[in-house]
Amino acid sequence: MEAKKLNLTLNIWRQKNNKSVGSFAAYKVQVSPDASFLEMLDELNNTLELKGEEAIHFESDCREGICGTCGLVINGHAHGPLPKIATCQLHMRNFKDGETIWVEPFRAKAFPVIKDLMVDRSGFDEILQAGGYVSINTGGVPDGNAIPIQKEVSSLAMDAAACIGCGACVASCKNASAMLFVSAKVSQYALLPQGQPERYMRVEKMVKVMDDLGFGSCTNTYACEAECPKGISVTNIARMNRDFMIAKVKSKEVEA
């Protein structure tokens, strides 16, 4: 027997481009509780197109919580009301029949709106290009355990590497800070032997690009950690700050 559908009112942000003024538009939908949030938007877009109306623009790719492409502010929360899941993993069973849902794009000066719910997050790419890599020649694939690393250290590095770069940390911060993202990308290399040769140059370069792009400073409210779909810890920010201070002493190649 088909499950009872939910009757919902969606107030969705519509905006032609970053030069235009946006506003919310209301839509009535009926949706299965088993549908994901993005599947619901797919169904709504099918209905709009059948009526000759323009579809709502939003981003998605893997729809498995891995790629970091999706990202909406749902009822005031980046990725929605549930902790440690991306928008694509959010299912409609988590909402009540008759509920009104507000859907907005990630809002930050450094994330200009492209259209409707899509924002330009290429600033993250610029930060990674500045230093989010290891340029040493590592040669062929090494044998397992060729470089002994303590389990707790490798676990911390892998926890930091779990960041999918979705930008929820920026959207949830009142200063639109990218500190959690940048610190995760700094930490995933800073904790491992392969990342040591460029450790302090990396943090200087990435922080400089972050600041140049207009991301704000850390607010110390931990909102970024609370809204992060991968549970990235703010302890990475503390590590990045320590490395940055050391870098200012050690390196003269990049000025903050």
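Which residues does Ile127 touch, not counting residues up to four places away in sequence? Here are some friendly notes built around that question and a few others.

1. **The model as a whole.** Please keep in mind that this is a predicted model. The chain has 8 helices and 7 strands. Along the principal axes, its C-alpha atoms fill a box of roughly 60 × 45 × 35 Å. Of the 256 residues in the chain, 47% are buried. Among contacts with a separation of 6 or more, 70% join residues 24 or more positions apart. The accessible surface comes to about 13,300 Å², and carbon and sulfur atoms account for 51% of that area.

2. **Ile127 and its contacts.** Back to the opening question: Ile127 touches Gly132, Phe181, Val182, Met206, Val209, Met210, Leu213 and Phe215, with residues up to four places away left out. Ile127 sits in helix H2. Its relative accessible area is 0%, so Ile127 counts as buried, the cut-off being under 20%. You may also like to look at Lys185: Ile127 and Lys185 are 58 residues apart in sequence, yet their C-alpha atoms are 9.5 Å apart in space.

3. **The buried side of H2.** Ile127 has company in H2, where Gly123, Phe124, Ala130 and Gly131 are buried as well. These buried residues span an arc of only 115° around the axis, which means that they lie on the same side of H2. The cover over the buried residues of H2 includes H4, H5 and H6.

4. **Helix H6, seen from its own side.** Helix H6 runs over residues 199-212, and a simple check of its length works out well: at 1.5 Å a residue, its 14 residues should span 20 Å, and the end C-alpha atoms are indeed 20 Å apart. The buried residues of H6 are Arg199, Arg202, Val203, Glu204, Met206, Val207, Val209 and Met210. Three of these names, Met206, Val209 and Met210, are also contacts of Ile127. The buried residues of H6 pack against helix H2 (122-131), helix H5 (179-190) and helix H8 (235-250). After H6 comes Gly214, with a positive phi near 95°.

5. **The open sheet.** How are the strands ordered in the open sheet? Its 5 strands follow the order S2-S1-S5-S3-S4, with mixed pairing. The edges are strand S2 (23-31) and strand S4 (77-78), each of which pairs on one side only. As a reminder, strands of a sheet pair through backbone hydrogen bonds, in either a parallel or an antiparallel sense.

6. **Pairings to inspect within the sheet.** Strand S1 (residues 6-14) and strand S5 (residues 100-104) are parallel and pair over 4 bridges. Within that pairing, Leu10 has Ile101 of S5 as its bridge partner. S5 also pairs with S3, in the antiparallel sense and over 2 bridges, with Ile74 standing opposite Val103 in S5. Strand S3 (residues 73-74) and S4 pair in the antiparallel sense, over 2 bridges. Here Val73 is opposite Ala78 in S4.

7. **Ser172 in H4.** Ser172 belongs to helix H4 (residues 168-172). A polar atom of the Ser172 side chain lies 3.2 Å from the backbone oxygen of Cys169. Leaving out residues up to four places away in sequence, Ser172 touches Ala223, Cys224 and Glu227. Those contacts lead on to helix H7, which covers residues 223-227.

8. **Glu225 in H7.** Is Glu225, which lies in helix H7, buried or exposed? The answer falls in between: Glu225 is partly exposed, because its relative accessible area of 29% lies between the 20% and 50% cut-offs. The Glu225 side chain reaches the backbone nitrogen of Val234 at 2.8 Å. Beyond its neighbours within four places in sequence, Glu225 is in contact with Leu180, Ile232, Ser233 and Val234. Glu225 and Ala168 are 57 residues apart in sequence, and 9.3 Å apart in space from C-alpha to C-alpha.

Conventions. Residues are numbered from 1 along each chain as its sequence is written. This is a predicted model: local features need pLDDT of at least 70, side-chain atom pairs count only at pLDDT 80 or more; totals for chains, interfaces and linings use all residues. Side-chain values use heavy atoms; hydrogens and water are left out. Two strands pair if DSSP finds at least two bridges between them. A polar contact is a pair of N or O atoms within 3.5 Å; within protein, one must be able to donate a hydrogen and the other to accept it, and residues adjacent in sequence count only if both atoms are side-chain atoms. Contact means heavy atoms within 4.5 Å. The expected span of a helix is 1.5 Å times one less than its number of residues. Buried means under 20% relative accessible area, exposed over 50%, partly exposed in between (1.4 Å probe, protein chains only). The arc is that of the directions from the helix axis to the C-beta atoms. Accessible areas come from the Shrake-Rupley method with a 1.4 Å probe; for residues, only the protein chains shown count as cover.
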